[in-house]
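Thanks for coming. I have one structure to go through this morning, so let me put it on the screen.

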Amino acid sequence: MGVQWYPGHMNKARREIEEVMTQVDIVIEVLDARIPDSSQNPMLNTLRGDVPVLRLLNKKDLADKARLDLWLAHWRGSETVLAHPFSTLEKNDVVKISQWVAQMVPHRGSAEKPIRAMIAGIPNVGKSSLMNALLGRRVAKVGDEPAVTKAQQKLKVTDGFQLLDTPGILWPKIENPDASYRLAVTGAVRDTAIDYEDVALAGLKFFISDYLEALMARYKLKDVVSDPFETLKIIGSKRGALRSGGKVDMHKAAEVFLNDVRTGAIGPYVMETPEMIAHEEALVEEAKAKKEAERLARLAAAVPQRQQANNQEYRRQQQHEEKE
Ligand SMILES: Nc1nc2c(ncn2[C@@H]2O[C@H](COP(=O)(O)OP(=O)(O)OP(=O)(O)O)[C@@H](O)[C@H]2O)c(=O)[nH]1
Ligand SMILES: [Mg+2]
């Protein structure tokens, strides 16, 4: 992976997206179905303006269908958003894309006026796989290093449907710490500043609270677990993640667990619900408002101080003049 997003990098990507939006009729946003919110780019909705978006909740084979339905219901009713569970591995899903884009862009779709689409998404969601599946040949390397390109060549999918030749790679929600953990747990973003064991512990905390049965079945746990650290120890000892003295190697145990979570060996799951995201966003807003209030209070307190300092300076000058 190795993608690092710096402010300069993000500004450049943002300018390029803005530019591209003037050339496309629809954005095909590839999301990771296990994290329908955190795998969105925080700015795409603003940047696309009125351009419709087809949201593909990709890797549906790894996702819990009941929770996916909550997201579909959440987005239903929005005029410029159409969302579908999806897998690049399923031919039946891939062939439906032409219909879905036609539904969103009814005024185009002929050979003279083809629908122009761009595939976009954060790293590792399956953009290259989708592109190859749509075109029926390898045009993009899967697991490729990303690069948002300027060249806007179009590739023909059908007579009435064209794709930009390179998918737009966008930055993930790196500002939200909760989202960062979920991106790290699913493996969407591997190179995070978060310690590997901490990622596994965050993942375990989630599975203990939301998918305890799947966790217990995977590791053949007889007793109900509640503590992530103790559970990781048990997993390590059961799976032979041991150091020479027989003690559990927690790093190895974390690898075992995260590998099971990322490949889906642990069973289908979805880490977020619309309700939970709304709650998190409210907390983020609250924290922001609190910070702003504190800043204003500091400013207000600083004004009289500055006034006093000015007065003192004035008095000092006057005394000085009187002496002369
Ligand atoms: N389980 C599952 N894995 C998938 C699916 N689609 C893609 N993948 C896997 O997801 C990984 C990333 O796929 P890519 O197509 O390289 O993703 P990308 O978005 O192009 O990634 P970058 O080029 O790094 O931005 C690969 O290991 C794919 O095999 C799917 O429907 N199900
Ligand atoms: Mg790619």
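I will go from the domains to the core, and then to one helix.

Please keep in mind that this is a predicted model. The protein chain is divided into domain 1, residues 8-169, domain 2, residues 195-263, and domain 3, residues 288-324. Taken over C-alpha atoms, the centres of domain 1 and domain 3 are separated by 55 Å.

Now the core. In general, nonpolar side chains in soluble globular proteins tend to be buried together. Here the largest nonpolar core has 68 residues. The members that touch the most others are Ile26, Ile28, Val101, Ala117, Met118 and Phe257. Helix α10, residues 250-263, gives this core its largest share, 6 residues. Where does the core lie with respect to domain 1 and domain 2? It lies between them, because both domain 1 and domain 2 give residues to it.

Take Phe257 from that list. Setting aside neighbours within four places in sequence, Phe257 is in contact with Ala200, Gly203, Leu204, Leu232 and Ile235.

Next, helix α4, residues 91-104. How far should its 14 residues span? At 1.5 Å a residue the answer is 20 Å, and the end C-alpha atoms are 21 Å apart, which agrees. Helix α4 also has a kink of about 30 degrees, centred on Ile97. Ile97 is itself buried, as are Val101 and Met104 in α4. What do the buried residues of α4 pack against? Their partners are the strands β1 (26-32), β2 (53-58), β3 (81-85), β4 (115-121) and β6 (161-164), together with helix α5 (127-135).

That is my part; I will take questions.

Technical notes. Residues are numbered from 1 along each chain as its sequence is written. Chains are lettered from A and ligands numbered from 1 in the order in which they are written. This is a predicted model: local features need pLDDT of at least 70, side-chain atom pairs count only at pLDDT 80 or more; totals for chains, interfaces and linings use all residues. A nonpolar core is a set of buried Ala, Val, Leu, Ile, Met, Phe, Trp, Tyr and Cys residues joined through C-beta atoms within 7 Å. A residue is buried if 20 or more other C-beta atoms lie within 10 Å of its own, exposed if 12 or fewer, and partly exposed in between; C-beta atoms are placed from the backbone. Helices (H or I, at least four residues) and strands (E, at least two) are DSSP runs, numbered from the N terminus. Domain bounds come from an automatic or database domain assignment. Two residues are in contact if their C-beta atoms, placed from the backbone, lie within 7 Å. The expected span of a helix is 1.5 Å times one less than its number of residues. The bend at a residue is the angle between axes fitted to the seven residues ending there and the seven starting there.
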